[in-house]
Amino acid sequence: MHFCISHFAHFAQLFRSLFAPLGLLALIACSGCGSTNWTAADQRTKTPPSVADATLSTPKVLLFVGNGTSSGDVSAVKTILGELGLSYATATSSQLNSMSETRIRAYRLFLMPGGNAVTISRYLTRTTTTNIHNAIVNGGMHYLGICAGAFFAGHSTYNYLSLAGTWFNFYPEYFSGVRKAAFEIHSANGITLDQYWQDGPELKGFGEVVGKYPDGIPAVVETHVGNGWVILSGVHPEAPASWRYGMNFTTPVSADNAYAKTLVTAALNGTSLPHF
């Protein structure tokens, strides 16, 4: 996940390795509104296809729902996909492990939601993460990583994707004891939105900066990785209203969710967003 060029760097990696599971574990407890891969009128009676159902045509999006993901965030992401009218399939850890690189490449976008990146990596084989990496870099598949999904895109001693040549640390507020907050995220187009943050990463040194934390540290980034297109977010624009308890937001949940839809659409289509 990083290059060990000194004892200090080695200590920094060790520190993060010890504490990352604790920090990201909090995301698993998130709650959110459920949804499925259908319109609002249909979502109570239909469910999205699983990759195990080979009789269905391949949808555009593959949403990972396996071990280590937050069930609340999976539900929140499903809501966004449903409101966008996007077809998607879901894959558990075992289902993803059974997929070949060719089968993974059949999807246009791989979407990794929040949760615990370390746990996610432990339930996937090295072959699986290599297949995903190659599907993006060589096959041109796109990738959207939210919070843990952004961590998972980095380089690490864990079984991460290594789409970035460096590891991503927690945003500094984490080390001050802040575990969740409403942070002003500044976009390059001049728009500022309060976004839900929970143990998310800072995204220094990767691609173009689309959004910044209040102190200017990258919060949302985008870039080409080989033939693929990658967007990473350290915050949760998909967060439902129920996650806002105990925090003060100056922007409505509808505005934040609209931004989540912007990220999904840009990641799906390989569209560059305004960047600094």
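This report covers the fold, the central hairpins and the aromatic contacts of one protein chain.

## Overall picture

The model is predicted. The protein chain holds eight helices and nine strands. Of its 276 residues, 54% are buried. Its exposed surface comes to about 11,300 Å², with 56% supplied by carbon and sulfur atoms. Among contacts with a separation of 6 or more, 72% join residues 24 or more positions apart.

## The sheet and its helices

Nine strands make one open sheet. Their order is E2-E1-E3-E4-E9-E8-E7-E5-E6, and the pairing is mixed. Strand E2 (88-91) and strand E6 (192-198) form the edges, each pairing on one side only. On average, neighbouring strands are turned by 25 degrees against each other, direction ignored.

Two helices that pack on this sheet can be described in turn. Helix H2 (residues 71-84) touches strand E1 (61-64), E2, strand E3 (109-112) and strand E4 (142-146). The direction of H2 makes about 165 degrees with that of E1. Helix H6 (residues 126-137) touches E3, E4, E8 and E9. Its direction makes about 115 degrees with that of E9.

## Strand E8 and its two hairpins

Strand E8 covers residues 218-225. Seven of its eight residues are buried, so the strand is largely enclosed by the rest of the structure.

E8 pairs with strand E7 (residues 208-212) in the antiparallel sense, over four bridges. Glu-208 has Glu-222 in E8 as its bridge partner. Five residues lie between the strands of this hairpin, and Gly-216 takes a positive phi near 95 degrees there.

E8 also pairs with strand E9 (residues 228-233), again antiparallel. Six bridges join E8 and E9. His-224 stands opposite Trp-229 in E9, and Val-225 stands opposite Gly-228. The hairpin of E8 and E9 has two residues between the strands. Here Gly-226 has a positive phi near 60 degrees.

## Aromatic contacts

The model contains 14 aromatic pairs. Tyr-171 takes part in two that are described here. With Trp-197, Tyr-171 forms an edge-to-face pair. Tyr-171 lies in the loop between helix H7 (148-152) and strand E5 (180-187), while Trp-197 is in strand E6, so the pair ties together parts 26 residues apart in sequence. Tyr-171 and Trp-197 are both buried.

The second partner is Tyr-213. The ring centres of Tyr-171 and Tyr-213 are 3.8 Å apart and the planes are at 20 degrees, so this pair is stacked. Tyr-213 sits in the loop between E7 and E8, 42 residues from Tyr-171. Tyr-213 is buried, as is Tyr-171.

| Ring pair | Centre to centre | Angle between planes | Kind |
|---|---|---|---|
| Tyr-171 and Trp-197 | 6.2 Å | 70 degrees | edge-to-face |
| Tyr-171 and Tyr-213 | 3.8 Å | 20 degrees | stacked |

Elsewhere, ring pairs link Phe-151, Phe-170, Tyr-174 and Phe-175 into a cluster.

## Charges over rings

Lys-212 lies over the face of Phe-276, at 4.2 Å from the ring centre. Arg-244 places its charged end over the ring of Phe-249, 4.0 Å from the centre.

Notes
Residues are numbered from 1 along each chain as its sequence is written. This is a predicted model: local features need pLDDT of at least 70, side-chain atom pairs count only at pLDDT 80 or more; totals for chains, interfaces and linings use all residues. Side-chain values use heavy atoms; hydrogens and water are left out. Two strands pair if DSSP finds at least two bridges between them. Axes are lines fitted to C-alpha atoms, for helices over the stretch in contact, and angles run from 0 to 180 degrees between N-to-C directions. Contact means heavy atoms within 4.5 Å. Buried means under 20% relative accessible area, exposed over 50%, partly exposed in between (1.4 Å probe, protein chains only). Accessible areas come from the Shrake-Rupley method with a 1.4 Å probe; for residues, only the protein chains shown count as cover. Rings of Phe, Tyr and Trp (its six-membered ring) pair if their centres lie within 6.5 Å; planes under 30 degrees apart count as stacked, over 60 as edge-to-face and the rest as tilted. A charge sits over a ring if NZ of Lys or CZ of Arg is within 6 Å of the ring centre and within 35 degrees of the ring normal.
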